[in-house]
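Please open the structure in your viewer and keep the selection panel at hand. The stops below move from one side chain outwards to the whole chain.

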Amino acid sequence: VKERMPKLDTIDLRKRHVGESCKLFFRSDPIKIIRAKGQYMYDEKGVKYLDCMNNVAHVGHCDDTVVKSCTEQMAVLNTNNRFLHDNLVLCAKRLTATLPDSLAVCYFVNSGSEANDLALRLARAYTKNEDVICLEHAYHGHLSSLINISPYKFEVGKFPKKDWVHVAPIPDVYRGKHRGDASPELGELYSSEVRDLIRDAESQGRKIGAFIAESAPSCGGQIMFPPGYLKSVYKHVREAGGVCIADEVQVGFGRVGTHWWAFQLQDVVPDIITVGKSMGNGHPVSAVVTTKEIAQSFRDIGMEYFNTFGGNPVSCAAALSVMEVVERDGLIAHAKATGDHTIALLNQLKPKHPNIGDVRGQGLFIGVELVEDRETKEPATALANHVITRLKESKILMSSDGPDRNVLKLKPPMVFNKEDANFFVSVLDEILTEIEE
Ligand code: PMP
């Protein structure tokens with residue numbers, strides 16, 4: 001594979017014709033990737049990078065099975081979902097087979113944002129209530145409706161919070177409002193925050209339509225909920241007449257290593273789930289899955305839901321083959337074994353490097369929170385930035401996240417293996433040692 005023009009020309013053309021709000025990774029020295037395979041990406045000079053950031057390339061970049069099924073379908077037919085097609089119904093069957101029985105009805109869309117926007121419409125159609133509870137630092141998508149429930153954006157962009165939005169404290173047991181070991185007590189404490197928020201809203205005459213949260217908040221800094229949190233929150237929300245939406249866009253399809261879906265870690269059944277990113281291994285396909293009752297209430301509004309590209313035969317071929325590969329290659333168990341190994345290695349680094357404040361996660365969803373001081377937990381934002389840059393120099397691609405951008409965020413393709421983990425952790429060890437010296 002060859003680049004079509006020299007890198008400087010690519011940069012120049014981009015500057016001239018692409019909106020500046022679309023930001024590149026490593027802005028001061030961006031990388032030009034021209035091909036990728038498995039967990040590796042290659043730049044225009046053939047330099048190989050270990051990819052720790054692309055949860056979209058779920059079963060590995062350019063996986064042969066996925067590529068084959070998409071290209072074969074592309075050569076035969078691609079059209080909209082108003083014609084009957086087997087791929088769409090097979091995809092719906094396969095997807096719902098991974099879910100609790102009540103989540104039986106699918107809508108296919110093209111992005112996580114479209115999925116979450118539709119989820120809000122479904123929730124409002126069913127409950128007839130407008131208000132939405134979301135979590136601090138959450139991100140649910142780029143549509144106007146979702147910026148409103150994405151404090152991750154409105155804090156940064158200084159967008160005012162709308163009256164119908166209620167923001168609950170993020171259940172971050174390391175840095176959040178209530179801290180300590182991830183115990184059921186903390187789960188209860190954080191869920192009572194949601195209960196209080198509901199009471200406040202109701203006292204102002206407002207009515208809750210939905211609670212939406214990532215089943216493990218990624219943008220919030222790779223947070224794992226304390227035990228019992230969602231169970232208790234769902235109870236409060238349902239008692240108030242709302243429905244519960246699980247955003248599985250980043251964490252779904254087996255990433256957490258023990259289950260297909262991260263909400264299963266909390267032993268709950270949402271009313272609506274949204275999936276995306278990894279669903280098509282890079283091909284744009286996303287979905288909303290809900291109950292028959294909610295789907296019926298949406299139908300009863302009387303407005304047709306049509307989405308030109310949603311559920312087209314190629315997208316469904318991609319999604320079907322991703323689910324098949326996850327199963328065929330035992331990638332969920334692989335994510336568990338690799339994740340356990342990686343977390344153990346990171347925990348071994350902890351005593352050695354005082355800047356490592358916390359190591360958390362499950363499966364191939366892992367966060368390493370860097371701090372200036374373990375006592376004060378002052379976020380080491382500049383250090384995290386430096387580590388990301390140094391990792392890149394060592395040909396490891398990693399991003400940081402969380403409100404203070406001090407959490408190293410590991411969410412690699414699911415084929416990431418123990419050797420990759422050893423390499424990443426040994427380079428991280430070197431970088432932190434170098435800084436301390
Ligand atoms: N939900 C979550 C949790 C996300 O991380 C994202 C994308 N980062 C979205 C929704 C929106 O997905 P998309 O970019 O496909 O619209």
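Begin by selecting phenylalanine 211 in this predicted model, and then show its contacts, leaving aside residues up to four places away in sequence: Phe211 touches Ile133, Leu135, Tyr229, Leu230, Val233, Tyr234, Val237, Val243, Cys244 and Ile245.

Next, add Leu95 to the selection, since Leu95 and Phe211 are the two residues that touch the most other members of the largest nonpolar core, a set of 92 residues. Which helix gives the most to this core? Select residues 313-328, and you will have helix 10, which contributes nine residues. For a second stop of this kind, select Leu122, Ala125, Leu146 and Trp164, which are among the 24 residues of another core, separate from the one before. In soluble globular proteins, nonpolar side chains tend to be buried together.

Now select the whole protein chain and switch to a cartoon view, in which 13 helices and 15 strands can be followed. The radius of gyration is 22 Å, close to the 22 Å that the globule rule gives for 437 residues, so the chain is as compact as a globular protein of that length. Along the principal axes, the C-alpha atoms fill a box of roughly 60 × 60 × 45 Å, and buried residues account for 56% of the 437 residues.

Finally, turn on the surface, where the protein chain exposes about 19400 Å², with carbon and sulfur atoms supplying 53% of that area. If you colour the 52 positive and 57 negative charges, bear in mind that their mean positions lie 4 Å apart.

Terms used. Residues numbered from 1 in each chain as written. Predicted model: local features only at pLDDT ≥ 70, side-chain atom pairs only at ≥ 80, totals over all residues. Heavy atoms only, no water. Helix = DSSP H or I, 4+ residues; strand = E, 2+ residues; numbered from the N terminus. Rg over C-alpha atoms; globule rule 2.2 N^0.38 Å. Buried < 20%, exposed > 50% of the residue type's maximum accessible area, 1.4 Å probe, protein only. Areas by Shrake-Rupley, 256 points an atom, 1.4 Å probe, with all protein chains shown as cover. Lys, Arg positive; Asp, Glu negative; His and termini not counted. Charge placed at Lys NZ, Arg CZ, Asp CG, Glu CD. Core = buried A, V, L, I, M, F, W, Y, C linked by side-chain atoms within 4.5 Å. Contact = heavy atoms within 4.5 Å.
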